[in-house]
Amino acid sequence: AQTQDPGHEVLLDGYAVTAPVEEGRSGWGRVSVMVRGSELLPLAVQGEAWAGGGVIQFEVRWEPLDPADAYSEHVSRGRRHERRAAAGLIEALATALVGAVGGVVVDDDGFLIDLS
């Protein structure tokens with residue numbers, strides 16, 4: 001949320017940047033990087049000293065054109081190529097973010113991920 005009063009500072013809860021999974025593939029979805037402050041943390045990091053009081057959280061996510069494709073077990077060959085490309089882009093983005101700002105990486109289920 002942000003204030004709309006032009007005389008006051010704009011306060012943001014978070015922001016996001018999106019890009020296509022692969023330039024020139026309009027039928028493929030996009031990948032987004034969302035940034036926000038959070039006090040709700042995955043169980044895997046709740047006990048860490050650095051997590052006390054909340055953290056800045058980056059979320060990198062694939063957004064297929066059809067949301068059902070994100071979790072479907074049976075998809076076309078084209079969707080499998082899209083998923084593979086999105087996974088590679090997400091891994092590269094997560095690696096770059098951790099390299100730049102530090103922290104840890106967790107998956108959708110809250111399990112720690114080792115990017116090395």
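Reader: Which residue in β3 is the bridge partner of Ser 32?

Author: Arg 61 is the bridge partner of Ser 32 in β3. Ser 32 itself belongs to strand β2, which spans residues 30-38. This is a predicted model, in which local features need pLDDT of at least 70 and side-chain atom pairs count only at pLDDT 80 or more, while totals for chains, interfaces and linings use all residues. Residues are numbered from 1 along each chain as its sequence is written, and side-chain values use heavy atoms, with hydrogens and water left out.

Reader: How do you know that β2 and β3 pair, and in which sense?

Author: Two strands pair if DSSP finds at least two bridges between them. Between β2 and β3 there are nine bridges, in the antiparallel sense, so the criterion of at least two is met. Gly 37, for its part, stands opposite Ile 56 in β3.

Reader: What makes β1 a partner of β2?

Author: Seven bridges join β1 to β2, and these strands run antiparallel. Tyr 15, for example, has Val 35 in β2 as its bridge partner.

Reader: Why are β1 and β3 said to stand at the edges?

Author: The open sheet has three strands in the order β1-β2-β3, paired antiparallel. β1 (14-20) and β3 (55-63) each have a single partner strand, so one side of each lacks a neighbour in the sheet. From one strand to the next, the twist averages 15°.

Reader: How many helices and strands does the chain have, and in what order do they run?

Author: There are one helix and five strands, where a helix is a DSSP run of H or I of at least four residues and a strand a run of E of at least two, numbered from the N terminus. From the N terminus the order is β-β-β-α-β-β. Helix α1 (residues 77-101) lies across β1, β2 and β3, and runs at about 165° to β3; such angles, from 0 to 180 degrees, are taken between the N-to-C directions of lines fitted to C-alpha atoms, for helices over the stretch in contact.

Reader: Why is Ser 32 called buried?

Author: Buried means under 20% relative accessible area, exposed means over 50%, and partly exposed lies in between (1.4 Å probe, protein chains only). Ser 32 has a relative accessible area of 1%, and is therefore buried. Of the 116 residues of the chain, 20% count as buried.

Reader: What makes the link between Ser 32 and Glu 63 a polar contact?

Author: A polar contact is a pair of N or O atoms within 3.5 Å; within protein, one must be able to donate a hydrogen and the other to accept it, and residues adjacent in sequence count only if both atoms are side-chain atoms. The side chains of Ser 32 and Glu 63 are joined at 2.9 Å. Beyond four places in sequence, Ser 32 is in contact (heavy atoms within 4.5 Å) with residues including Val 17, Thr 18 and Val 60.

Reader: Is Glu 82 buried or exposed, and how do you know?

Author: Glu 82, in helix α1, has 1% relative accessibility and therefore counts as buried. A polar contact of 3.2 Å joins its side chain to that of Trp 62. Setting aside neighbours within four places in sequence, Glu 82 also touches Val 21, Gly 27, Trp 28, Gly 29 and Pro 64, among them. Gly 27 is 55 residues away in sequence, and the C-alpha atoms are 9.3 Å apart.

Reader: Why does Trp 50 count as partly exposed?

Author: Trp 50 is at 45% relative accessibility, and therefore counts as partly exposed. Trp 50 is found in the loop between β2 and β3. Leaving out neighbours within four places, its contacts are Val 45, Val 55 and Val 104.

Reader: What makes Val 21, Trp 28, Val 31, Val 33, Val 60, Trp 62 and Ala 86 a nonpolar core?

Author: A nonpolar core is a set of buried Ala, Val, Leu, Ile, Met, Phe, Trp, Tyr and Cys residues joined through side-chain atoms within 4.5 Å. These seven residues form the largest such core. At least two of its residues come from each of β2 and β3. Val 33 has contacts more than four places away in sequence that include Tyr 15, Leu 93 and Leu 97.
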